[in-house]
Amino acid sequence: MSARTGTGAYTPKPGAAPLPRMIAAQAALETRMLLRNGEQLLLTVVIPTLLLVLFGSVDIVDTGEGEAVDFLAPGVLALAVMSTAFTGQAIATGFERRYGVLKRLAVSPLPRWGLMAAKTLSVLVTEALQVVLLTVIAFAMGWNPHGNPFAVLLLLVLGTAAFSGLGLLMAGTLKAEATLAAANLVFLLLLVGGGVVVPLEKFPDAAQSVLGLLPIAALSDGLRDVLQHGAGVPWGDLGILAGWAVLGLGAAARFFRWE
């Protein structure tokens with residue numbers, strides 16, 4: 001911006017851009033970086049898509065009565081949320097912290113909470129693209145969803161908050177290499193034991209009670225209750241996700257280290 005003087009000349013008027021514009025610009029940058037990263041695309045797009053197509057086309061796991069895609073689609077949607085909000089965000093933020101990117105951004109006109117808001121917005125945009133892609137593929141495979149769209153949206157938002165908090169907590173407290181290993185390990189463990197492609201009923205009774213408290217299990221189960229069985233608002237699963245969201249975001253705000 002410039003200001004006009006009495007002689008007709010223009011002089012510079014330096015200053016930061018409006019905060020919403022800075023957040024939007026940073027969110028756009030975060031999204032472009034994520035979509036250009038091959039490992040991130042593998043986590044967020046390729047793996048969920050392959051799981052949906054493979055397990056939905058080949059009778060590998062007994063998913064109970066009805067079409068396999070009706071069971072798998074909600075679980076894969078939950079996996080997509082975890083891959084972006086937790087695994088992808090933890091790895092990206094961990095390496096940004098290691099290379100000093102966060103430290104430099106912290107002294108820019110964009111406040112720290114604005115940077116976190118931009119990262120959250122980037123996650124939501126990426127998840128929206130994932131949901132659209134996976135929904136189109138599931139419909140092509142004969143998926144017949146039911147239920148209340150508002151309940152689905154509420155589950156996805158709370159699931160995103162829960163996984164974002166846990167991802168930022170990991171990225172802000174561990175070294176980048178440790179975050180990379182831990183985030184991928186957690187992804188694989190929750191993929192197998194979180195009710196994504198294998199029903200929790202296949203596990204021993206003692207394990208089911210524990211696994212059912214995991215955020216991925218609550219999100220998968222809640223989405224499946226609504227989209228497969230046409231249930232109303234799954235308050236129990238929402239409560240579990242809300243608890244993880246409060247715990248993860250609170251701990252991340254308390255213990256996150258920018259350097």
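Reader: Which residues does UniProt list under "transmembrane region" here?
Author: The unreviewed UniProt entry lists residues 41-60, 72-95, 116-143, 149-171, 178-200 and 235-256 under that heading, and the structure you are looking at alongside that record is a predicted model.

Reader: OK, and how much of 116-143 is helix in the model?
Author: Over residues 116-143 the chain is 89% helix and 0% strand, and the C-alpha atoms at the two ends of that span are 36 Å apart.

Reader: What about 149-171, how far apart are its ends?
Author: For residues 149-171 the end C-alpha atoms lie 32 Å apart, and that span is 100% helix with 0% strand.

Reader: Switching topic, how many salt bridges does the structure hold?
Author: The structure holds 3 salt bridges, and one of them pairs Lys119 with Glu30, where the closest N and O atoms are 3.3 Å apart. That pair links distant parts of the chain, since Lys119 sits in helix H5 and Glu30 in helix H1 (residues 19-36), 89 residues apart.

Reader: Is Glu30 buried or exposed, and why?
Author: Glu30 has a relative accessible area of 10%, and because buried means under 20%, Glu30 counts as buried. Lys119 also counts as buried, at 5% relative accessibility.

Reader: Which other side chain does Lys119 meet in a salt bridge?
Author: Lys119 also meets Glu96, with 2.6 Å from N to O. This pair again links distant parts of the chain, with Lys119 in helix H5 and Glu96 in helix H3 (residues 68-98), 23 residues apart, and both Lys119 and Glu96 are buried.

Reader: And what does Arg98 pair with?
Author: The side chain of Arg98 meets that of Glu177 in a salt bridge, at 2.6 Å from N to O. Glu177 is in helix H7 (residues 176-193) and Arg98 is in helix H3, 79 residues apart, so to speak of distant parts of the chain being linked is fair here too. Glu177 is partly exposed, with a relative accessible area of 40%, and Arg98 is partly exposed as well, at 47%.

Reader: Which residues end up joined into one network?
Author: Glu30, Glu96 and Lys119 are joined into one network by salt bridges that share partners.

Reader: Last one, where is Val132, and is that residue buried or exposed?
Author: Val132 has its place in helix H5 (residues 112-140), and Val132 is exposed, with a relative accessible area of 53%. The C-alpha atoms of Val132 and Leu77 are separated by 10.0 Å, although these residues are 55 residues apart along the chain.

Key: Residues numbered from 1 in each chain as written. Predicted model: local features only at pLDDT ≥ 70, side-chain atom pairs only at ≥ 80, totals over all residues. Heavy atoms only, no water. Helix = DSSP H or I, 4+ residues; strand = E, 2+ residues; numbered from the N terminus. Buried < 20%, exposed > 50% of the residue type's maximum accessible area, 1.4 Å probe, protein only. UniProt positions renumbered as here; feature names shortened; annotations may be inferred. Salt bridge = Lys/Arg side-chain N within 4 Å of Asp/Glu carboxyl O.
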